[in-house]
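Hello,

Here is the structure I promised to pass on. Please have a look at it, and then read my notes underneath.

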Amino acid sequence: MIGYATIGVNDMERAKKFYSDLFADRGASVQLDAGRIAFVGTSMKEPMVAVCEPYDKNQPQPGNGTMLAFAASSKEEAASLYAKALELVDAGYAVMIADI
């Protein structure tokens with residue numbers, strides 16, 4: 001269910017090294033490095049930890065650089081989950097949903 005979790009950081013190089021070293025015994029390494037975000041794990045098909053510079057360039061803190069992503073097999077599945085989440089919110093569930 002979980003695709004990845006992001007952690008906001010100030011120093012990408014230190015963060016990539018830290019999480020790669022932390023999970024090295026589990027076979028993890030940087031799987032994808034896209035500049036301001038890098039994914040550390042054992043495979044692109046398995047859940048990962050991602051480190052990123054917050055998009056707004058402010059200090060990383062809860063809600064700024066932190067995200068949890070649910071895995072979906074297609075854009076259609078992601079859209080369906082999003083629509084269902086909105087229906088549940090309309091039905092009275094109180095949760096935070098980021099617009100996609």
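Below is what I found, starting with the core and ending at the surface. Please keep in mind that this is a predicted model.

The core first. The largest nonpolar core has eight residues: Val9, Met12, Ala15, Tyr19, Ala28, Ala38, Val40 and Val51. Helix H1 (12-22) and strand E3 (37-41) each give at least two residues to this core, and H1 has the largest share, with three. If you want one residue to click on, try valine 51: leaving aside residues up to four places away in sequence, valine 51 touches Ile7, Val9, Met12, Ala15, Lys16, Tyr19, Arg36, Ile37 and Ala38. There is also a second, separate core of five residues, among them Ile37, Phe39, Met48 and Ala50.

Now for helix H1. Which residues of H1 are buried? They are Met12, Ala15, Lys16, Tyr19 and Ser20. These residues lie on the same side of H1, because they cover an arc of only 125° around the axis. Glu13, Arg14 and Lys17, on the other side of H1, are exposed. The cover over the buried residues of H1 includes strands E1 (2-8), E2 (29-33), E3 and E4 (48-52).

Finally, the surface. Met1, Ile2, Leu68 and Phe70 make a nonpolar patch of about 480 Å² there. Leucine 68 belongs to strand E5 (residues 67-70). Its relative accessibility is 47%, so leucine 68 counts as partly exposed, the range for that being between 20% and 50%.

Happy to go through any of this with you.

Best wishes

Note on methods:
Residues are numbered from 1 along each chain as its sequence is written. This is a predicted model: local features need pLDDT of at least 70, side-chain atom pairs count only at pLDDT 80 or more; totals for chains, interfaces and linings use all residues. Side-chain values use heavy atoms; hydrogens and water are left out. Patches are made of residues with over 30% relative accessible area and no salt bridge: like charges are joined within 9 Å, nonpolar side chains (Val, Leu, Ile, Met, Phe, Trp, Tyr) within 5 Å. Accessible areas come from the Shrake-Rupley method with a 1.4 Å probe; for residues, only the protein chains shown count as cover. A salt bridge is a side-chain nitrogen of Lys or Arg within 4 Å of a carboxyl oxygen of Asp or Glu. Helices (H or I, at least four residues) and strands (E, at least two) are DSSP runs, numbered from the N terminus. Buried means under 20% relative accessible area, exposed over 50%, partly exposed in between (1.4 Å probe, protein chains only). A nonpolar core is a set of buried Ala, Val, Leu, Ile, Met, Phe, Trp, Tyr and Cys residues joined through side-chain atoms within 4.5 Å. Contact means heavy atoms within 4.5 Å. The arc is that of the directions from the helix axis to the C-beta atoms.
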